Amino acid sequence: MKIKDRLALYFTLISTLILLCVLFAIYFTFLKFMQAEFFSRLTDRTMVTAKLYLEADEISSDSLSRVREQYLEKLNGEVIRIYNDKNDATFIGDDQQYWNIETIEKVRHAKKLQFREGLRQVVGIYYKDNQGDFVILASAIDQSTINRVEKLWKIMVVTFLTIFIGLLLSVRWIAKRILLPLNEFIEQVKLIKSNNLHFRVSEGTNKDEVQLLAQNFNNLMEHLEQSFILQKTFVANASHELRTPITRMIIGAEISLSQERSKEDYQRALHSVLEDAEKLENIISSLLNLAQTDLEYGETNWVKLRIDEMIWSIQEEWTKKPGNYPLLVEVKDLPMEEELLTVNCNPTLLQIALDNIISNAFKFSDQLPVKCILEINETGIHIFIVDQGVGMEPRQLDHIFKPFYSSSSKTAHAGNGMGLYMAYKIVTLYKGNITVKSQKGKGTIFEISFPKF
């Protein structure tokens, strides 16, 4: 059963259940009210009977006539009996007992009693008079109430069925309208294939669960697209990058073995093989790091990290590395509130990203000092990595974050083209952004920014 049908059915059942309760409350309230009113009329009949038959000797004939004209409108199936202290019927010219002695004694003991006998309503009173103690019982069938209740029951059934059908149809229409964005979402999801993972479903403008579902689905598609891009990139580029050093190693070995050579020639050949092997190792290490990044892409092991502490730690690590790596750290306007300094991230991955950018800066500036500037302002956290390297052409800036792209023109600057790609991937994972400013011959500035946490 579809959601809209379930919603319509559940809402209709709940509404009709409430409606049934209301209708039954009205029905029984009306019934009790009419019964109480008829009991009151029967009570009046017993009192009139007492006046007419027991006290008629104490009032004038004119008064007796007025009482009879005023009160003695015969009720449907009316039966009235007056019983003396011996529980015998008397006065009204009908000595049929009608009610048994047990009922008469109950009335005598209770003084006043109301009860039902099938369709009949009965009222009994105990009446003291100068002629003795009497029990007066009156009963009748409230046919008018029975007819009204039957009509009310029919009206209630028709009303219930009408409201039930109306509710079912209207609620189904409302559910269809409410779930229309969900149906559109389903239709858009059907359009997604392996060749268009860049497609994103419409998130709509309503601040509801469907919008949240669409947002989360788009986030999932972004992750899947990244994974597929990684696979395509690996298939398209990694094989070529791995084949190049292996081919050079094979060709170098074949040339060296093609004829007898001097010791120095063999040493040069082995050095060339060693260089290619080291390059191959670097490429494989980068691919493994990238694979680790993708494995942790959807992980939830994020923590709140103070970015200033990480930068000081990175400076200390670069200082301890063999060689000359002068990393200068400058902190501007450090706030007192700790939350303004925190980034929600995986510390290991974020350090890999920063290390890759710093390593790139040292490489292209030939180990000249690199400056790392931390600035906190109202827009968030900003990290500037400034080098004194060769800089880049504007056309190169659009490609530096692509996998296996290298802008080096010198052998000393050669790399595998994975460092900046990994850095960009990690920073964007943590809702950050990387921008680059560079001028040929005047160095490069990388800006890593994170919005307020």
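Two strands pair if DSSP finds at least two bridges between them. The exercises below use this definition on a predicted model.

**Exercise 1. Which residue of strand 5 stands opposite Y127, and how many bridges join strand 4 to strand 5?**

Solution.
1. Strand 5 covers residues 132-141.
2. Between strand 4 and strand 5 there are 10 bridges. The definition asks for at least two, so the two strands count as paired.
3. The two strands run antiparallel.
4. Within this pair, Y127 faces F134 in strand 5.
5. The connection from strand 4 to strand 5 is a hairpin through two residues.

**Exercise 2. Describe the pairing of strand 3 with strand 4, including the turn.**

Solution.
1. Strand 3 spans residues 112-117 and is joined to strand 4 by six bridges.
2. Strand 3 and strand 4 run antiparallel.
3. As one example of facing residues, Q114 stands opposite V123 in strand 4.
4. The two strands form a hairpin, with two residues between them.
5. In that turn, G118 has a positive phi of about 65 degrees.

**Exercise 3. Is strand 4 largely enclosed or largely open?**

Solution.
1. A residue counts as buried when its relative accessible area is under 20%.
2. Strand 4 consists of residues 120-129, and nine of these 10 residues are buried.
3. Strand 4 is therefore largely enclosed by the rest of the structure.
4. For the whole protein chain of 453 residues, 37% count as buried.

**Exercise 4. Which residues make the nonpolar surface patch, and which helix gives the largest share?**

Solution.
1. The patch is made by F24, F28, W153, V157 and L161, and its area is about 450 Å².
2. Two elements give two or more residues each to the patch: helix 1 (3-54) and helix 4 (143-178).
3. Helix 4 provides the largest share, with three residues.
4. W153 lies in helix 4.
5. The relative accessibility of W153 is 39%, so W153 counts as partly exposed. This class lies between the cut-offs of 20% for buried and 50% for exposed.

**Exercise 5. How many helices and strands does the protein chain have, and what share of its accessible surface belongs to carbon and sulfur atoms?**

Solution.
1. The chain has 10 helices and 12 strands.
2. Its accessible surface comes to about 27,300 Å².
3. Carbon and sulfur atoms account for 57% of that surface.
4. To add a view of the contacts, take those between residues at least 6 apart in sequence: 66% of them join residues at least 24 apart.

Note on methods:
Residues numbered from 1 in each chain as written. Predicted model: local features only at pLDDT ≥ 70, side-chain atom pairs only at ≥ 80, totals over all residues. Heavy atoms only, no water. Patch = residues over 30% accessible without salt bridge, like charges linked within 9 Å, V, L, I, M, F, W, Y side chains within 5 Å. Areas by Shrake-Rupley, 256 points an atom, 1.4 Å probe, with all protein chains shown as cover. Salt bridge = Lys/Arg side-chain N within 4 Å of Asp/Glu carboxyl O. Helix = DSSP H or I, 4+ residues; strand = E, 2+ residues; numbered from the N terminus. Buried < 20%, exposed > 50% of the residue type's maximum accessible area, 1.4 Å probe, protein only. Contact = heavy atoms within 4.5 Å.
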